[in-house]
Amino acid sequence: MAFEPPQRLVRALGETYGDTAATEWLGPLPEHARTVLDHASLDAERVMAPGGRSSLVLLVRRSDDSPAALKIAPPFARPELERDALAHWNGWGAVRLLDETPDGGLVLERLHPDVSLRSLPEAKALLEAAGTVRKLWVEPPAGHGFESVAERTERQAAAMEPYRADPAAGELTAAALAAREELVAAPDESLLLHGCFRQGKVLGGDRAPWLAVGPEPLVGERAYDLARLVRDRVEDLVGASAGASTARRRVNKLADSLDMDRERLRGWTLFRAVESGTRALTAGRRQDAELLMEFASWL
């Protein structure tokens with residue numbers, strides 16, 4: 001079978017790591033995937049599409065014919081961090097790591113890839129999401145190599161700086177950067193975080209109804225981890241007449257349900273929305289940027 005990377009992966013790798021690095025890894029990827037499968041004695045069923053934004057995901061069968069998923073990511077995406085986080089959670093709230101191939105691929109428990117929390121009504125999805133993510137917030141392992149929220153957002157803030165002078169995005173960018181400075185000056189917690197938690201990152205499972213996948217793990221406060229969830233289904237929010245009030249209520253409801261400070265969640269939600277918006281502007285995705293900036297303006 002062909003192991004061509006889905007277009008979402010091609011586009012996302014180019015935007016995140018640069019076209020040169022992405023092309024150099026994607027070119028030999030089909031042959032590399034065959035090698036990984038052979039070395040791990042795995043039989044491929046199909047490539048997951050649209051799949052992830054940082055890795056090729058294959059549905060596979062192990063040597064005992066049990067189902068699994070194989071995740072192959074470029075070295076510059078630091079797949080070893082995902083491995084370490086999944087190993088630490090050991091299936092608690094997240095997909096279970098079954099094995100690691102000699103080539104660095106991750107063999108994961110097979111979930112239901114076409115069933116995510118986005119298939120549920122919004123209120124139910126947010127409730128299930130909150131119940132799932134709270135399980136992931138544990139003490140990080142001793143001697144871990146995860147970066148902190150302050151470190152990750154410092155790089156992001158540096159990339160946002162040029163947009164201070166942007167006529168359309170400048171005011172929101174300045175507000176988001178100021179919010180970040182205030183938040184990192186008084187760190188609230190130091191827990192292991194998913195890093196990219198949203199409804200689409202929670203899939204149906206057999207041993208548990210819902211399990212998180214695709215972490216970009218780091219260490220910090222829970223409010224940072226919850227901030228991406230607040231803007232889920234942003235297209236629906238922006239298109240609704242009561243979108244602004246709904247977004248603010250969502251901040252308050254999620255903060256209260258998970259016993260965290262509303263203002264810290266609001267601040268991180270603002271920063272992460274504007275960071276994603278400026279990144280979309282840089283990539284030429286103006287429509288996405290406009291949605292994100294409008295959402296951020298409500299906060």
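Start with the largest cavity of this predicted model, which holds about 40 Å³ of space. To see its walls, select D188, E189, E221, R222, A223, M260, D261 and R264, the residues that line the largest cavity. If you then colour this selection by residue class, the lining shows two nonpolar and six charged residues, with no polar residue in it. A search of the whole structure finds one cavity of 30 Å³ or more. Such empty space is revealed by rolling a probe the size of a water molecule over the atoms.

Next, turn to the second largest pocket, where about 220 Å³ of space lies. Two elements, α5 (122–136) and α10 (243–257), each give two or more residues to the lining of this pocket. For the full lining of the second largest pocket, select E122, A123, L126, L127, A130, R134, T246, R249, R250, K253, L254 and S257. Sorted by class, the lining of the second largest pocket comprises five nonpolar residues, five charged residues and two polar residues.

From there, clear the selection and show helix α6 (residues 149–160) together with helix α7 (residues 170–185), whose axes lie 11 Å apart and which pack at an angle of about 160°. Because of that angle, which is over 145 degrees, α6 counts as roughly antiparallel to α7. Where α6 passes α7, the crossing is left-handed.

Which residues of α6 and α7 meet? On the α6 side, select A150, T153, E154, A157 and M160, and on the α7 side, select T173, A176, L177, R180 and V184, since these are the residues that meet between the two helices. The residues of this contact of α6 with α7 divide into six nonpolar, two polar and two charged.

For the last stop, select A77, which you will find in the loop between β3 (67–72) and α4 (79–89). Leaving aside residues up to four places away in sequence, what does A77 touch? With those residues not counted, A77 touches Y17 and S54, so both can be added to the view beside A77. Keep S54 and A77 selected to compare their two separations: A77 and S54 are 23 residues apart in sequence, while in space they lie 6.8 Å apart, C-alpha to C-alpha.

Technical notes
Residues numbered from 1 in each chain as written. Predicted model: local features only at pLDDT ≥ 70, side-chain atom pairs only at ≥ 80, totals over all residues. Heavy atoms only, no water. 1 Å grid on protein atoms, 1.4 Å probe; cavity = no way out; pocket = protein on both sides within 12 Å on 5 of 7 lines; lining within 4 Å. Points joined across faces, edges and corners; volume = space filled by probe spheres on them. Helix = DSSP H or I, 4+ residues; strand = E, 2+ residues; numbered from the N terminus. Nonpolar A, V, L, I, M, F, W, Y, C, P; charged D, E, K, R; others polar. Axes fitted to C-alpha atoms, helices over the stretch in contact; angles between N-to-C directions. Parallel < 35°, antiparallel > 145°, perpendicular 65-115°, else oblique. Left-handed = near helix turned anticlockwise from the far one by under 90°. Contact = heavy atoms within 4.5 Å.
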